[in-house]
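Here are some points to read alongside the structure, written for someone who is meeting it for the first time. They go from the chain as a whole to single elements and residues.

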Amino acid sequence: MFSQFALHERLLKAVAEQNFTEPTPVQLAAIPPALEGRDLRVTAQTGSGKTAAFVLPMLNRLLGDGASHARVRIRVLILLPTRELAQQTLREVERFSQFTFLKSGLITGGEDFKVQGAMLRKVPDVLIGTPGRLIEHLNAGTLDLKEVEVLILDEADRMLDMGFVGDIEAIVARTPATRQTLLFSATLDGVVGRLAQ
Ligand code: AMP
């Protein structure tokens with residue numbers, strides 16, 4: 001039962017709408033500590049339900065403090081290795097936030113830079129993207145991550161395999177040290193374990 005989690009009723013309504021009845025093992029393991037604001041390193045495969053395991057707690061945080069509808073800062077950043085994964089994650093975030101006022105945005109390569117800049121000026125609550133294009137926006141001054149509260153790295157091992165380690169470190173350095181960090185990876189061996197550390 002998802003109602004066992006201390007989730008906002010608008011989120012529980014969205015979960016019910018998707019016909020999720022029982023949480024998956026990764027959701028059972030990750031949602032409670034993520035809701036407490038703890039940093040997590042999670043080993044999880046695609047298909048395990050890992051996306052909901054990080055999306056629900058971060059949306060709950062955004063809803064929890066009576067935030068106004070005026071969007072003034074990016075509060076959550078989700079990094080993924082590919083455009084397709086970023087698009088899929090955006091769809092999942094939109095499904096779970098459908099009964100809220102929260103807005104999400106997508107920044108990936110292969111899209112118009114100026115159109116992305118215009119989207120960033122409207123300041124989404126949640127930004128989802130791939131490292132390369134996010135770095136370009138940081139360098140262009142069109143992206144400000146100084147008030148990010150939650151940083152999520154999904155498929156971290158794949159991001160490293162694709163050579164994004166320098167970009168990831170540069171992005172992380174532009175977020176506050178006080179943030180909550182959630183790292184999901186198929187493995188935590190080797191380089192990805194060191195990155196997580
Ligand atoms: P993911 O591992 O996040 O890519 O999720 C794999 C698929 O499982 C997605 O299509 C989700 O919509 C679905 N899913 C995630 N959690 C649950 C759940 N608790 N019950 C049923 N389906 C789920």
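**Notes on the predicted model**

1. In the protein chain, 72% of the contacts with a separation of 6 or more are between residues 24 or more positions apart. The model is a predicted one, and every value in these notes should be read with that in mind. The protein chain has 9 helices and 6 strands, and buried residues make up 50% of its 197 residues.

2. On overall dimensions, a compact globule with 197 residues would have a radius of gyration near 16 Å, and the protein chain, with 16 Å, agrees with that expectation. Taken along the principal axes, the box filled by the C-alpha atoms is roughly 45 × 40 × 30 Å. The accessible surface of the protein chain comes to about 9,400 Å², and 50% of that surface belongs to carbon and sulfur atoms.

3. Helix α1 covers residues 9-17, and its buried residues are Leu11, Ala14 and Val15. Seen down the axis of α1, these buried residues fall within an arc of 100°, so they line one face of the helix. As general background, an α-helix has 3.6 residues a turn, so residues three or four places apart point the same way. The partners that the buried residues of α1 pack against are α3 (50-64) and α4 (83-96).

4. What follows helix α1, and what is the sign of its phi? The residue is Asn19, and its phi is positive, near 60°, a value that deserves a remark in a residue other than glycine. Asn19 lies in the loop between α1 and α2, where it is exposed, with a relative accessible area of 65%.

5. A second residue can be read beside Asn19, namely Val123, which is not a glycine and yet has a positive phi of about 55°. Val123 is found in the loop between α5 (113-121) and β4. Is Val123 buried or exposed? With a relative accessible area of 15%, Val123 is buried, because the cut-off for that label is under 20%.

6. Gln27 lies in helix α2, which covers residues 25-35, and Gln27 is buried, with a relative accessible area of 2%. Leaving aside residues up to four places away in sequence, Gln27 touches Phe2, Phe5, Pro32, Gly49, Ala52 and Ala53. From Gln27 to Arg38 the separation is 11 residues in sequence and 15 Å in space, C-alpha to C-alpha.

7. The two phenylalanines among those contacts of Gln27, Phe2 and Phe5, are both buried. The aromatic pairs in the model number 4. One of them is the pair of Phe2 and Phe5, which is edge-to-face, at 5.9 Å centre to centre and with 70° between the planes. The rings of Phe20 and Phe96 have their centres 6.0 Å apart and their planes at 75°, so this pair is edge-to-face. Phe20 lies in the loop between α1 and α2 and Phe96 in helix α4, so the pair ties together parts that are 76 residues apart in sequence.

8. The accessibilities of Phe20 and Phe96 should be read separately, since Phe20 is partly exposed, with a relative accessible area of 30%, whereas Phe96 counts as buried at 0% relative accessibility. Phe2, Phe5, Phe20 and Phe96 form one aromatic cluster, and a reader may wish to find these four residues together in the structure before going further.

9. Strand β2 covers residues 76-79, with Val76 and Ile78 pointing one way and Leu77 and Leu79 the other way, and all of these residues are buried. Which strands does β2 pair with, and in what sense? Strand β4 (residues 126-129) runs parallel to β2 and is joined to it by 4 bridges, and the bridge partner of Leu79 in β4 is Gly129. Strand β5 (residues 150-153) pairs with β2 in the parallel sense, over 4 bridges, and in β5 the bridge partner of Val76 is Val150.

Key: Residues are numbered from 1 along each chain as its sequence is written. This is a predicted model: local features need pLDDT of at least 70, side-chain atom pairs count only at pLDDT 80 or more; totals for chains, interfaces and linings use all residues. Side-chain values use heavy atoms; hydrogens and water are left out. Buried means under 20% relative accessible area, exposed over 50%, partly exposed in between (1.4 Å probe, protein chains only). Helices (H or I, at least four residues) and strands (E, at least two) are DSSP runs, numbered from the N terminus. The arc is that of the directions from the helix axis to the C-beta atoms. Contact means heavy atoms within 4.5 Å. Two strands pair if DSSP finds at least two bridges between them. The radius of gyration is taken over C-alpha atoms; the globule rule is 2.2 Å times the number of residues to the power 0.38. Accessible areas come from the Shrake-Rupley method with a 1.4 Å probe; for residues, only the protein chains shown count as cover. Rings of Phe, Tyr and Trp (its six-membered ring) pair if their centres lie within 6.5 Å; planes under 30 degrees apart count as stacked, over 60 as edge-to-face and the rest as tilted.
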